[in-house]
Amino acid sequence: MNQDSVVYLNGVFKPLSEAKISVLDRGFIFGDGVYEVVPVYCRRPFRMVQHLKRLENSLAAVGIPNPKSAAEWKTLFMEMVRQAPYEQQAVYLQITRGVAPRDHGFPHGVTPTVFMMVNPLKTPTPEQIEQGVACVSAEDFRWHRCDIKSISLLGNVLLRQVSVEAEATETVLFRDGFLTEASSSNILAVKKGVILAPPRDHLILPGISCEAVLEFASMLGIPVETRPVPREEVLTADELWLTSSGKEVLAVTMLDGKPVGDGSPGPVFKKMWAYFQTQK
Ligand code: PDD
């Protein structure tokens, strides 16, 4: 993405260099907004309906009126996809409560700020797919509404930095001894051929890739148990996977410097990864 890349801001397509917002935008002042990231393969959005549904849920949860209908969002999305100069894309969409004098309470009569941009989609490298990636763990100290895809990502940013500094791919999070997710991915464990999935409650983001993987599991006949997963079970899991738009499904082969399972991507991962490739 460069300064000439076309972005969308409040009804207008314009070059990135010309896209400007007020410093009083509540996104800037309070992190008061929500967002989505939709992966696009060969100019075809992956699970757009589900992404738009989650956007709707996030907006409703924070009381920002949805500025567009699903049909209008789709039209806008497809226009962004058409204008971007590459085939594999990550479409970013952000809505904030709008511009108003700084006051914590919701302002009246403001128009939400709508921003969209497209970046090249970064998927795992062949080496990461074949060897898996290293992660570190940390205590999940974020708020209790991680189900909202909020732009207030300071907790996630600080937790991601823990793994950046350890030269690891992700930070795997535990809250009070139970697995939640990772700083910008969901996480699944595999034990004796069964996928263990943390409950989709308010402590994790309901990931669209994770939902897809669990659906694929049922098609592949791989059993899934959705329930709290204690740390001990993660440490003795045969396999650990990250899922996200971008990572798709990716094996974690080292956690805190110790091998996961035998330290290489496991058989269940290989089956899932291959199936994922046929569905995107
Ligand atoms: N992050 N959990 C968190 C905290 C995330 O930030 C993400 C995605 C996910 C996976 O959700 P999905 O499968 O719908 O991408 C889980 C995006 C990609 C981001 O913030 O850039």
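Q: How many residues surround the ligand, and which are the closest?
A: This is a predicted model. In it, 19 residues surround the ligand. The closest are Tyr-35, Arg-54, Glu-181, Ser-209 and Ser-245.

Q: How many Å separate a polar side-chain atom of Arg-54 from an oxygen atom of the ligand?
A: Arg-54 is one of the closest residues to the ligand. Its side chain places a polar atom by a ligand oxygen atom. The distance is 2.9 Å.

Q: Which residue has a polar side-chain atom 2.5 Å from an oxygen atom of the ligand?
A: The atom belongs to a side chain and its partner is a ligand oxygen. The residue is among the closest to the ligand. It is Ser-209.

Q: Which residue offers a polar backbone atom to a nitrogen atom of the ligand?
A: Here the protein atom comes from the backbone. The two atoms are 3.5 Å apart. The residue is Ser-184.

Q: Where do domain 1 and domain 2 lie along the chain, and how many Å apart are their C-alpha centres?
A: Domain 1 covers 6-120 and domain 2 covers 126-278. The distance between their C-alpha centres is 26 Å.

Q: How many residues does each domain give to the contact?
A: Both domains take part in the contact. Domain 1 gives 22 residues, and domain 2 gives 18.

Q: What area do domain 1 and domain 2 bury between them?
A: Carbon and sulfur atoms carry 62% of the buried area. The total between the two domains is about 1,600 Å².

Q: Which three residues supply 40% of the area that domain 1 buries against domain 2?
A: No other three residues supply more of this area. Two of them, Tyr-35 and Arg-54, are also among the closest to the ligand. The three are Tyr-35, Arg-47 and Arg-54.

Q: Which residue forms a salt bridge with Arg-47?
A: The interface of domain 1 and domain 2 holds 1 salt bridge. In the Arg-47 bridge, the closest N and O atoms are 2.9 Å apart. The partner of Arg-47 is Glu-215.

Q: How many residue pairs are in polar contact between domain 1 and domain 2?
A: The count takes pairs with both residues at pLDDT 80 or more. It comes to 7 residue pairs.

Q: Which element gives the largest share of the side of domain 1 that touches domain 2?
A: Helix 1 (26-30), strand 3 (33-41), helix 2 (48-62) and strand 5 (89-96) each give two or more residues. The largest share is 7 residues. That share comes from strand 3.

Technical notes: Residues are numbered from 1 along each chain as its sequence is written. This is a predicted model: local features need pLDDT of at least 70, side-chain atom pairs count only at pLDDT 80 or more; totals for chains, interfaces and linings use all residues. Side-chain values use heavy atoms; hydrogens and water are left out. Domain bounds come from an automatic or database domain assignment. Contact means heavy atoms within 4.5 Å. Buried area is the accessible area (1.4 Å probe) that two parts lose on being put together, summed over both. A salt bridge is a side-chain nitrogen of Lys or Arg within 4 Å of a carboxyl oxygen of Asp or Glu. A polar contact is a pair of N or O atoms within 3.5 Å; within protein, one must be able to donate a hydrogen and the other to accept it, and residues adjacent in sequence count only if both atoms are side-chain atoms. Helices (H or I, at least four residues) and strands (E, at least two) are DSSP runs, numbered from the N terminus. A residue is near a molecule or strand if one of its heavy atoms lies within 4 Å of it.
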